[in-house]
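Work through the exercises below with the structure in view. Try each task before you read its solution.

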Amino acid sequence: MPEFPAFPENQADPAPTWPRYAIYFAPEPGSPLAEFGADWLGRDCASGAERTLPAVPGVSPERLAAITESARNYGFHATLKPPFHLKHGRSPAALEEAAAAFAATRAPIPVQLGLRSLGGFLALMMTPPDHRISALAADVVQDLDGFRALPGDAELARRREAGLSAQQEALLQRWGYPYVMGEFRFHMTLSSRLPDGPEREAIVTALEPRVAPVTAGPTSIDAIALFVQERRGGPFTLARRFPFGG
């Protein structure tokens with residue numbers, strides 16, 4: 001086994017308590033993109049209300065629920081700053097204030113989304129990638145990092161189970177997550193990892209007409225959103241959305 005450099009001990013808060021927070025891009029509640037995500041995943045992450053999952057020929061309701069379970073729990077979103085506990089001494093109100101100040105300095109960025117596969121996961125992704133969104137995500141990670149409690153050994157070990165590259169390990173050490181900065185890929189997850197085969201084809205066939213209306217034109221990345229997970233394993237819910245330009 002490779003030797004990983006030791007992560008500095010979080011002396012101030014060795015066992016952060018719940019809730020956890022995350023900074024996402026999430027569409028305006030009630031918008032066509034938000035409604036598509038809520039309908040497909042079976043939960044409105046703004047209201048917390050559950051919805052009936054769509055019928056997918058060839059896929060049982062139970063199986064579709066399992067395929068969308070993780071994405072449903074996290075809420076329909078694109079991650080900018082991954083989930084974190086608050087550092088000791090930092091308050092949710094201060095985090096909201098900082099997020100609002102960050103958003104006030106930004107302008108909306110139009111991007112084109114399409115249905116794509118990311119490591120076997122189906123997701124809405126930019127077509128083509130846009131460096132402005134990567135720069136936005138990097139700024140969110142860096143500018144709000146003063147609110148993030150350091151991860152414990154158990155969380156670091158869990159992240160390393162994926163088999164990290166040297167760059168990903170360095171990012172994990174610095175930012176608490178291996179898929180930020182140069183490893184960032186904008187994506188709005190729609191499924192678990194699906195191998196090639198009839199089931200995947202059935203899911204894609206069901207998704208294509210549903211995504212067509214929301215991918216026909218550009219999507220405006222026009223806000224950052226604060227999501228909250230109140231308890232371990234619980235769902236993430238949209239707490240507040242901060243439009244760009246204040």
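Helices (H or I, at least four residues) and strands (E, at least two) are DSSP runs, numbered from the N terminus. This is a predicted model, where local features need pLDDT of at least 70, side-chain atom pairs count only at pLDDT 80 or more, and totals for chains, interfaces and linings use all residues. Residues are numbered from 1 along each chain as its sequence is written, and side-chain values use heavy atoms, with hydrogens and water left out.

**Exercise 1. The lining of the largest pocket**

Task: Find which helix or strand gives the most to the lining of the largest pocket.

Solution:
- Start with the term. On a 1 Å grid over the protein atoms alone, a pocket is an open set of points where a 1.4 Å probe fits, with protein on both sides within 12 Å along at least five of seven lines; lining residues have an atom within 4 Å of a point.
- Next, list the lining. The largest pocket has 34 lining residues; Phe 121, Tyr 177, Tyr 179, His 187 and Thr 189 lie nearest its centre.
- Now look for elements. At least two lining residues each come from E1, helix H2 (61-74), strand E2 (78-85), helix H5 (153-160) and strand E6 (187-193).
- Finish: H2 gives the most, with six residues.

**Exercise 2. An aromatic pair**

Task: Describe how the rings of Tyr 24 and Phe 227 are arranged, and what the pair ties together.

Solution:
- Take the rule. Rings of Phe, Tyr and Trp (its six-membered ring) pair if their centres lie within 6.5 Å; planes under 30 degrees apart count as stacked, over 60 as edge-to-face and the rest as tilted.
- Count: this rule gives six aromatic pairs.
- Apply it. Tyr 24 and Phe 227 are 4.6 Å apart, centre to centre, with 50° between the planes, and the pair is tilted.
- Place the residues. Tyr 24 is in strand E1 (residues 20-25) and Phe 227 in strand E8 (residues 223-229), so the pair ties together parts 203 residues apart in sequence.
- Check burial. Both Tyr 24 and Phe 227 are buried (under 20% relative accessible area, 1.4 Å probe, protein chains only; exposed is over 50%, partly exposed in between).

**Exercise 3. A second partner**

Task: Which residues form one aromatic cluster with Tyr 24?

Solution:
- Tyr 24 also forms a tilted pair with Phe 236: 6.2 Å centre to centre, 45° between the planes.
- Phe 236 is in strand E9 (residues 236-243), and the pair links parts of the chain 212 residues apart.
- The cluster consists of Tyr 24, Tyr 74, Phe 227 and Phe 236.
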